[in-house]
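Biologist: I am new to this structure and would like a close look at its salt bridges. Could you take me slowly through how the charged side chains pair, and then turn to a helix and some buried positions for comparison of setting?

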Amino acid sequence: MTSAEQLNNAQTPQHNAFRDADASRQREEGSLSVESNKSYRSMITPSPEPMALDDATTESAQTASGSTLGISDDTMAHTYSMDVLNLEDIGYDFLRRLSSPHSNVPRTPDKLFQLLRPSGSPTRVSGSKVVADVNFTDADYRGLCKVDKSLVCKGFWESIEKVGRICLPRRSGKTYNMTQMLLFFSMLPEAELVESIPDNVLVSSGLSAEQLLQMSVADRCRIKREWLFKDSLLQTMDPQFYQTHFMKYPVLQISFSKCKGKTLGEFIVNLCGCLAEATKSWQRFAESAGTFSNNNPDITKLHRVLNKFDDIRFASIKDGVEYSGMVQLIFETLSDFISSIYGRYILLIDEYDVPFISINLAEWDARTKKSAQGILKLLFQTMFKDNRHLQKGLLFGVFEIPLTELGSGANNIKEIRMIPTEESDIQSSILSASHPHSGSGLDALTDSFWFNANEVELMLDQSAKTHPVIGTYKPCIMATIKDWYNGYYIGRFRGKYNPWSASSFIETLCSILSQTPPPQSLEQMQLITQSAARAFWVTTGTTGLIEAQIDKYRPQFVGLAKRLLSDYESFKATDRTPLHKRAVPVPLVATRLNLINYDSEQFSEPGLLTLCLYAGYLTRRESTSVCIPNHEVYQVWLQLFARAVMGTEMADNSANYMRGSLLQELLRGQTNLLSTLAISSHGVLSNHNSYKEKDYANHVANTLMAVSRFGMLTHPDQKSVSISHVVPIREGHTGVGRCDYAMRLFGSDNQPNRFGVIIEFKLIENHRREDSAYHGMLAEEGLQQISDKNYESFLLGCLERMDVGMAIGNNVVHTKCQLFRRDCVDSPWYPVDSLVDDQANQSFV
């Protein structure tokens, strides 16, 4: 008899009263379904009065099955994340002590409510070594940190009636959970997925050595898969569901990740190849099972279809339309084969949106694109609308393609969105990611993607076993993770963490701690956590749709990126930024993008924002606006903005420039780096012949904004400032009495708004690009205009200034400058050779 059965059989009326009352209260809060009330809940939170637990009980809860029971010494932070296995291990003895007449623990249900309250989602984390690139099948035997997401199987089965679709950014856990669902439901051995698990796990099955030697491959794979789900949340919270559905269904998994092509023929061949790959897996299984002979008609038909595919795969196909029927033939043949022998099947499709994106980005004419879309229409109609063999289906992707536009009968798909519906008021309808749920239904499905706060904290607790200092400074570390990697939504939950980035951060942090002496203060630990925090997610891939939009509509993207960056910076500095100076939120009401009939020839700001929203570059702030979700993605936007302004090579180099490098040159009266940046800023322009002074002024202003965010205009003593203190006074304006560009920076004394820079632009016509003497004359003319027009009046409060005359044209720049200083704001300016005394100010050496 299991510990759970002992607990159920031994429960007293007091226990039942507590359980029923607790379930009733949670049902009123909407956190438990009727079905889930049958099982004892595992997530508990104490009241301000500490629970009386003896040391042995606490130690047992912390060590059971390698899971972690996070217990805080601070009674104001009441989050205990206990998995069911731990509760079963200590539950019977603990409840027996509650009913003891000598126990000082209150026994009435009302008092127990004050001590035991559900908090957070069911959470279990095992293993102590955190790595980002963790595979579901090899995490346990390698001792890697593994966040239990097994409830995704139960959530899928209970919440998806027929077909569901989950659209999330890359590295949000889609592939991990699909592998988990495949290994749980599939009746196939799935030997390729579990071959990395060593055979020594078979010893734990209790079979003799002779039995192990005689064991078939299928039986070996079954034991390994049982081992993967042993003591999981799914098995311990709902053993009946586990026994009913484990390895009971045929599962057809298809990945469209390779469905791309430069021509329509290549596209069709690769689409057929995705289907043929799945077909060959079932063919190998059927033949290895030994129940079919080579003369079996079903096997023969599979062979014939695959052979026909091989014929066209090696043929030279230009148009390919005549082979479009092969797409339907392969899928229908495979579908009929599976259902005729094994019954209705589960269909899992990974990266379903790749074919649609490929068509959208292809340089084909409209007729060819329509033909490709017609092929996909028939395929999806066959898979979902007309598929009588389908038990359940689930599609995974990034973008929500409106399949109904194809007439594919996909209007019965249940959408699991990262983006809340437009009709909802986000602040009131979206629940916190730590909101308790029952471990079943739609909540179990949606909460299995991304990480919630409980899971990240338990990962830190596990890491603290090898690096105790992590436990000591856990609040500091958690604050850094939240600032860099938090801010995502899915379904009803917000406050989700990027799993790839959070894991990469902890992995990097542990690596740093292994190579450095333990920190002796909070300040030292903060420096270490800051050095570990990086933009990990951006290195995992890019989104072609967004890059195509940036390349095609560079000026519009620059303006949009400036607004988003300013909005994020203003929002992060809310306490210090006056209300009238805060950035205006970037609005976005509709979040539907039709990639079927998407007009890429006309720029659409809502369209680009929606692409960024689905791809993870943006998140919701409220129901009518979007924003940059966290500091990691902020770094991505900085790079995208810099590349759009300066070009890829210069933007990448700018990030590597020494901190404060541009400011140091300006304070010394040097303009070499400024000229280099100015050339890069207009090197990405497409038509210089039509550009005027104001156009070049705008691009140089954008360049200065970009490099300021890399710290190139930061004073060397401002070690903690990640963004240069730049106050642009005027940009993009020309005319009498108005300077082209002026900005206020930190002065040589490290005081804000003390150093002003004024730039006056003069246009170099194309026919005089080689006349260097003329360039110098224009630059001198711009410098003189600053003095004649009294543009220094814009620099209110500045005690140091630099006037720059910049002659600029198609890939040519010539500058002349002059430095000035004054003793107070009312005294006159006088020229100086340098504003920095290198002997007195070592910061600039």
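Modeller: What follows begins with the salt bridges and then moves to a helix and two buried residues.

The model is a predicted one, in which local features need pLDDT of at least 70 and side-chain atom pairs count only at pLDDT 80 or more, while totals for chains, interfaces and linings use all residues. Residues are numbered from 1 along each chain as its sequence is written, and side-chain values use heavy atoms, with hydrogens and water left out.

Side chains of opposite charge can pair when their charged atoms come close. A salt bridge here is a side-chain nitrogen of Lys or Arg within 4 Å of a carboxyl oxygen of Asp or Glu, and by this rule the count comes to 21 salt bridges. One of them joins the side chains of Lys 149 and Glu 455, at 2.9 Å from N to O. This pair links distant parts of the chain, 306 residues apart, with Lys 149 in the loop between strand 2 and helix 6 (151-159) and Glu 455 in helix 20 (residues 453-463). Helices (H or I, at least four residues) and strands (E, at least two) are DSSP runs, numbered from the N terminus. Buried means under 20% relative accessible area, exposed means over 50%, and partly exposed lies in between, with a 1.4 Å probe and protein chains only. Lys 149 is buried because its relative accessible area is 6%, and Glu 455 is buried because its value is 2%.

Another salt bridge is formed by the side chains of Asp 199 and Arg 220, at 3.7 Å from N to O. Asp 199 lies in the loop between helix 8 (191-194) and helix 9 (209-214), and Arg 220 lies in helix 10 (residues 217-229), so the pair ties together parts that are 21 residues apart in sequence. Asp 199 counts as partly exposed, at 45% relative accessibility, and Arg 220 is partly exposed as well, with a relative accessible area of 22%.

Helix 10 also holds both Glu 226 and Arg 222, which are four residues apart, about one turn of the helix. Their side chains meet in a salt bridge at 3.4 Å, N to O. Glu 226 is partly exposed at 31%, and Arg 222 is partly exposed at 31%. Elsewhere, salt bridges that share partners join Lys 154, Glu 158 and Asp 238 into one network.

Now to the helix. In helix 14, the residues Ile 299, Leu 302, Val 305, Leu 306, Phe 309 and Ile 312 are buried. Seen down the axis of helix 14, these buried residues fall within an arc of 155° (taken from the directions from the helix axis to the C-beta atoms), so they line one face of the helix. The face turned away from this buried side carries the exposed residues Pro 297, Arg 304 and Asp 311.

Last come the two buried residues. Lys 146, in strand 2 (residues 146-147), counts as buried because its relative accessibility is 8%. Contact means heavy atoms within 4.5 Å; leaving aside neighbours within four places in sequence, Lys 146 is in contact with residues including Asp 140, Tyr 176 and Leu 228. Leu 395, placed in strand 6 (residues 390-397), is buried at 0% relative accessibility. With the same neighbours within four places left aside, the contacts of Leu 395 include Val 163, Ile 349 and Phe 380.
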